[in-house]
Amino acid sequence: HLYGLDVDPIESVRTRDRLAAAGFGPDRFTLIQTNFANIDQVAASHGPFDFILADLGVSSMQIDNPARGFSYKADGPLDLRLNPEAGQPAARRLQEMDEAEISGMLTENADEPFAEQIARAIVRARRSGQQIRTTTDLRRIIADALSFLPKQEQKEAVKKSCARTFQALRIDVNREYEVLYELLRKLPEALAPGGRAAILTFHSGEDRLVKHVFREQKKQGL
């Protein structure tokens with residue numbers, strides 16, 4: 001029996017229907033709309049589990065929907081929440097952070113080489129009365145921040161910095177490192193004896209955290 005966890009109320013329903021149509025009915029598949037940080041609660045009701053796979057990526061269904069604000073390639077509200085019914089959208093977060101916080105977020109969450117320049121441009125835009133409400137608004141500010149680069153380098157640099165900035169914001173808005181740490185901390189108790197866990201990471205920050213926790217748990221004899 002497969003238990004699927006997801007915080008996204010929109011894609012959860014579509015996934016359940018798609019899997020049901022493929023033959024995975026209630027006897028084989030159970031969908032639970034919750035963050036995987038709550039794996040201990042799920043295991044208490046349905047576990048312990050023989051195998052746990054945590055896929056840390058954002059789905060193409062989320063990225064391809066402009067209304068969700070995950071991609072700088074399409075105009076839409078600057079939201080980036082995996083669960084649009086909870087927490088703060090990215091636009092509001094950017095209004096609250098000071099320059100040092102924005103720069104630190106870009107460095108820690110995405111290894112952004114132009115973190116200081118982008119943070120300075122965001123704060124400058126706010127002070128001048130510019131609204132940063134949409135994905136296009138943020139992309140325009142990033143392009144402005146990198147205008148000091150040689151002309152032939154700007155297009156590619158802006159593209160990469162946009163991708164990293166949106167990644168950093170998404171991680172911040174959804175508290176992705178915090179919830180990942182909670183999952184990792186609770187994994188040993190959620191697994192059955194002889195059970196296995198696999199974590200599918202997509203960038204260096206996630207990778208470092210998973211490896212660090214696994215090493216520490218091994219030292220503890222877990």
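Colleague: Is Arg175 buried, partly exposed or exposed?
Modeller: This is a predicted model, in which local features need pLDDT of at least 70, side-chain atom pairs count only at pLDDT 80 or more, and totals for chains, interfaces and linings use all residues. Residues are numbered from 1 along each chain as its sequence is written, and side-chain values use heavy atoms, without hydrogens and water. Buried means under 20% relative accessible area, exposed over 50%, and partly exposed in between (1.4 Å probe, protein chains only). Arg175 has a relative accessibility of 45%, so Arg175 counts as partly exposed.

Colleague: What is the phi of Arg175?
Modeller: Arg175 lies in the loop between α8 and α9 (helices are DSSP runs of H or I with at least four residues, strands runs of E with at least two, numbered from the N terminus). Most residues other than glycine have a negative phi. Arg175 is not a glycine, yet its phi is positive, at about 50°.

Colleague: Which residue in the loop between α3 (60–63) and α4 (90–96) has a positive phi?
Modeller: The residue in that loop is buried, at 0% relative accessibility. Its phi is near 70°, a positive value in a residue other than glycine, and the residue is Leu80.

Colleague: Which residue is joined to Gly47 by a cis peptide bond?
Modeller: Most peptide bonds are trans. Here omega is about 0°. The partner is found in the loop between α2 (39–46) and β3 (49–55). Gly47 is joined in cis to Pro48.

Colleague: What is the N to O distance in the salt bridge of Arg81 and Asp79?
Modeller: A salt bridge is a side-chain nitrogen of Lys or Arg within 4 Å of a carboxyl oxygen of Asp or Glu. Arg81 is buried, because its relative accessible area is 13%, and Asp79 is buried at 12%. Their side chains meet with an N to O distance of 2.8 Å.

Colleague: Which residue forms a salt bridge with Glu182 at 2.9 Å?
Modeller: Glu182 is partly exposed, at 25% relative accessibility. The partner lies three residues away, about one turn of helix α9 (residues 176–190). The partner is partly exposed too, with a relative accessible area of 43%. The closest N and O atoms are 2.9 Å apart, and the partner of Glu182 is Arg185.

Colleague: Which residues are linked with Glu182 and Arg185 in a network of salt bridges?
Modeller: The structure holds 16 salt bridges. The network links Glu182 and Arg185 with Asp40 and Lys186.
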